[in-house]
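Reader: I have the file open and would like to go through it with you. Where should we start?
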Amino acid sequence: MWLGAHLTISSGLPEAAETASGLGANTFAYFTRNPRGGSARLIPPEEVSAWQEARTRLGIGPTVGHMPYTVNLAGNKTSVQDFARMVVADDFRRVESFSGEYMCLHPGSHLGDGAEAGIERVVAILKDALPRSSASTTLLLETMAGSGSEVGASFAELAQIIDQTGAPPTLGVCLDSCHLFSQGYDFTTESGIERLLKDIDQSVGRDRVRAMHLNDSKFPLGSHKDRHQNLGQGTLGKAGILNILRHPWLSTLPLVLETPVTDIQEYAAEIALAKSWLPSA
Ligand SMILES: [Zn+2]
């Protein structure tokens, strides 16, 4: 099982690998650039080779980068779209330069113009900025909670984006257990998970789904609110999280915690707790 948490690569990729390993993790997430959308750190070739050595030695599996929240591909201003186009292309190149497997993206907010208009703008940018042929990196569209004017709050919308972009091999989907619970998928019941799998199979297809953000939720089922909670302490609870950890397909995805902590060292206890719930782990 690939289990980890959202860390940082600001001190370097090899350091992030060591930190992950120290926390009991074998995967991790990181912001591809400053989370508020600013500058990107250049990753020199020496760092890439040290990273490859460290991840092999420590057994780090597929990593899941995250693009900054401030990038809005569905925005209606030209300056916002130009910035998003630049960041998608630039972050993809940089993540690919160190063979980072995945980078996650919130499709964006249509700002009241409607889902169709938002999807059209997202597709236009992805067509420009994303390589069409297969690469070592895949951009993952995240399943959103559906608050405000968020694009991507249903599998149908994500499937529409992928299809209209021409379904390149460089485009996939990242699940988020908190956001999906907020959409109405009940992880605490077998029927809730069955409905999730059926909806995935009938829209984007399981092959496109490559990672999952493993978060509990502060709000009830179907709330359309995006507030993460620590594992076992929210509305999914131990039962909901354990259903994911034990699921024959969901548990094969890299599972990355984005739960609230004041210090990333706190993830050691939360990862240990999740592992302790599994029989004979
Ligand atoms: Zn996210």
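Author: Start with helix α9, residues 267-277, which lies across β1 (3-6) and β12 (255-257). Bear in mind that this is a predicted model.

Reader: At what angle does α9 run to β1?
Author: The helix runs at about 150° to β1.

Reader: And β1 and β12, what are they part of?
Author: Both belong to a closed barrel of eight strands, in the order β1-β2-β3-β4-β6-β8-β9-β12, with parallel pairing. From one strand to the next, the twist averages 30°.

Reader: Take β8. Which strands does β8 pair with, and over how many bridges?
Author: Strand β6 (residues 138-142) pairs with β8 in the parallel sense over four bridges. Four bridges also join β8 (residues 171-176) to β9 (residues 209-213), and those two run parallel as well.

Reader: Which residues stand opposite each other there?
Author: Towards β6, the bridge partner of leucine 140 is glycine 172 in β8. Towards β9, valine 173 stands opposite valine 209, and leucine 175 stands opposite methionine 212.

Reader: Is β8 enclosed or open?
Author: Six of the six residues of β8 are buried, so the strand is largely enclosed by the rest of the structure. Leu171, Val173 and Leu175 are buried on one side, and Gly172, Cys174 and Asp176 on the other.

Reader: Why do they split up like that?
Author: In a regular strand the side chains alternate between the two faces of the sheet. In β8, both faces are covered.

Reader: Change of topic: the metal. What holds the zinc ion?
Author: The protein donors are His66 through NE2, His106 through NE2, and Glu142, which is listed twice through OE. They lie 2.1 to 2.7 Å from the zinc ion.

Reader: Regular or irregular geometry?
Author: Irregular, with angles of 52 to 143° among the four donor atoms. To count as tetrahedral, all angles would have to lie between 85 and 135 degrees.

Reader: How are the donor residues spaced in sequence?
Author: The pattern is H-x39-H-x35-E. Histidine 66 lies in strand β3 (residues 64-66) and histidine 106 in the loop between β4 (102-105) and β5 (108-109), so the pair ties together parts that are 40 residues apart in sequence.

Reader: Those two histidines, buried or exposed?
Author: Histidine 66 is buried, and histidine 106 is too.

Reader: What does histidine 179 touch?
Author: Leaving aside neighbours within four places in sequence, histidine 179 is in contact with Glu142, Thr143, Met144, Ala145, Asp226 and His228. Glu142 in that list is also a donor of the zinc ion. The side chain of histidine 179 reaches the backbone oxygen of threonine 143 at 2.9 Å.

Reader: Where is histidine 179, and how accessible?
Author: Histidine 179 is in helix α6. Its relative accessibility is 1%, so it counts as buried.

Reader: Back to helices. How many residues of α8 are buried?
Author: Seven of the nine residues of α8 (residues 237-245) are buried, so this helix is largely enclosed by the rest of the structure. The buried residues are Gly237, Gly240, Ile241, Leu242, Asn243, Ile244 and Leu245.

Reader: What covers them?
Author: The cover includes α6 (177-183), α7 (190-201), β9, β10 (216-217), β12 and α9. That brings us back to α9, the helix lying across β1 and β12.

Reader: Now the loops. What about leucine 111?
Author: Leucine 111 lies in the loop between β5 and α4 (115-129). At 48% relative accessibility, leucine 111 counts as partly exposed. Not counting residues up to four places away in sequence, leucine 111 touches Asn72, Gly75, Asn76 and Ser149. The C-alpha atoms of leucine 111 and glycine 75 are separated by 6.8 Å, and the two residues are 36 apart along the chain.

Reader: And glycine 148, buried or exposed?
Author: Exposed, at 82% relative accessibility. Glycine 148 lies in the loop between β6 and β7 (150-151).

Reader: Last thing, the backbone. Which residues other than glycine have a positive phi?
Author: Alanine 167 is one of them, with phi of about 45°. Histidine 224 is another, with phi near 55°. Alanine 167 is in the loop between α5 (155-164) and β8, and histidine 224 in the loop between β10 and β11 (228-229). Alanine 167 counts as partly exposed at 32% relative accessibility, as does histidine 224 at 36%.

Key. Residues are numbered from 1 along each chain as its sequence is written. This is a predicted model: local features need pLDDT of at least 70, side-chain atom pairs count only at pLDDT 80 or more; totals for chains, interfaces and linings use all residues. Side-chain values use heavy atoms; hydrogens and water are left out. Two strands pair if DSSP finds at least two bridges between them. Axes are lines fitted to C-alpha atoms, for helices over the stretch in contact, and angles run from 0 to 180 degrees between N-to-C directions. Contact means heavy atoms within 4.5 Å. Donors are N, O and S atoms within 2.8 Å of the metal (3.2 Å for Na, K and Ca); water is not among the atoms, so sites may look incomplete. Four donors count as tetrahedral if all angles lie between 85 and 135 degrees; four count as square planar and six as octahedral if opposite donors are over 155 degrees apart and all others between 65 and 115; anything else is irregular. Buried means under 20% relative accessible area, exposed over 50%, partly exposed in between (1.4 Å probe, protein chains only). A polar contact is a pair of N or O atoms within 3.5 Å; within protein, one must be able to donate a hydrogen and the other to accept it, and residues adjacent in sequence count only if both atoms are side-chain atoms.
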